[in-house]
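Trainee: I should like to understand the reasoning behind the terms applied to this structure. May we go through them one by one?
Mentor: Certainly; let us place the structure before us and begin.

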Amino acid sequence: RAGLGPLIGYATGVAAGVGFALLTGGRRRPIATAGPLLGAGVMVMSNGPMTVLKVTDHPRTWRRSDWIADIVPHLLYGLAATATWNRLRPPS
């Protein structure tokens, strides 16, 4: 059971990356805006279903440090994924 969380996290990250690629239409996106939006989307995709299905009540009971510990890696994922996507696209 302990391994399910990371596996679901990987699947969410891959699905978000594919969705991002489809939404961009193959074009580069500004890292400063697209990165945080992608990160926020992944955060909602990972925390939202568990909260709605009442598997956990964590987001409602989190302290500030808990939110920071969740926001920072999702933000970094969004920035890294956007930068990688832009790097793989041909220059405009």
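**Reasons behind the terms**

Mentor: Let us start with G41, which lies in helix α2. Please keep in mind that this is a predicted model.

Trainee: Why is G41 called partly exposed?

Mentor: G41 has a relative accessible area of 29%. Buried requires under 20% and exposed requires over 50%, so G41, at 29%, is partly exposed. Its C-alpha atom is separated by 8.7 Å from that of G78, although the two are 37 residues apart along the chain.

Trainee: Helix α2 also holds G35. Is G35 buried or exposed?

Mentor: G35 has 0% relative accessibility, so it counts as buried, the limit being under 20%. G35 and A81 are 46 residues apart in sequence, and their C-alpha atoms are 7.3 Å apart in space.

Trainee: What makes R64 count as exposed?

Mentor: The relative accessibility of R64 is 71%. Exposed means over 50%, and therefore R64 counts as exposed. This residue is found in helix α4. From R64 to I31 the C-alpha distance is 26 Å, with their positions 33 residues apart in sequence.

Trainee: How many helices and strands does the protein chain have?

Mentor: It has 4 helices and 0 strands, and the pattern along the sequence is α-α-α-α. The C-alpha atoms fill a box of roughly 45 × 25 × 20 Å along the principal axes. Of the 92 residues, 23% count as buried.

Trainee: Why is the contact between R63 and D66 called a salt bridge?

Mentor: The side chains of R63 and D66 meet at 3.8 Å, N to O. The definition asks for a side-chain nitrogen of Lys or Arg within 4 Å of a carboxyl oxygen of Asp or Glu, so the pair qualifies as a salt bridge. In general, side chains of opposite charge can pair when their charged atoms come close. A search of the whole structure finds 1 salt bridge.

Trainee: Which exposure classes do R63 and D66 receive?

Mentor: R63 has a relative accessible area of 57% and is therefore exposed, the cut-off being over 50%. D66 has 24% and is partly exposed, because that value lies between the limits of 20% and 50%.

Trainee: Which residues form a nonpolar patch on the surface?

Mentor: V14, V18 and L22 form it, with about 320 Å² of accessible area together.

Trainee: How do you know that V18 can belong to a patch?

Mentor: V18 has a relative accessible area of 47%. A patch residue needs over 30%, so V18 passes that cut-off. By the exposure classes, V18 is partly exposed. Its place is in helix α1, residues 4-24.

Trainee: How much space lies in the largest pocket?

Mentor: About 490 Å³. Of the 21 residues that line this pocket, the closest to its centre are L4, G5, I8, S46 and M50. The elements that give two or more residues to the lining are α1, α2 (31-52), α3 (58-61) and α4 (64-88).

Trainee: Which element gives the largest share of that lining?

Mentor: Helix α2 does, with 7 residues.

Trainee: What is the make-up of the lining by class?

Mentor: The lining of the largest pocket has 10 nonpolar, 9 polar and 2 charged residues. Gly counts as polar, and therefore G5, one of the residues closest to the centre, belongs to the polar class.

Definitions and conventions. Residues are numbered from 1 along each chain as its sequence is written. This is a predicted model: local features need pLDDT of at least 70, side-chain atom pairs count only at pLDDT 80 or more; totals for chains, interfaces and linings use all residues. Side-chain values use heavy atoms; hydrogens and water are left out. Patches are made of residues with over 30% relative accessible area and no salt bridge: like charges are joined within 9 Å, nonpolar side chains (Val, Leu, Ile, Met, Phe, Trp, Tyr) within 5 Å. Accessible areas come from the Shrake-Rupley method with a 1.4 Å probe; for residues, only the protein chains shown count as cover. Buried means under 20% relative accessible area, exposed over 50%, partly exposed in between (1.4 Å probe, protein chains only). On a 1 Å grid over the protein atoms alone, a cavity is a set of points where a 1.4 Å probe fits but cannot get out, and a pocket is an open set with protein on both sides within 12 Å along at least five of seven lines; lining residues have an atom within 4 Å of a point. Grid points are joined across faces, edges and corners, and a volume is the space filled by probe spheres set on the points.
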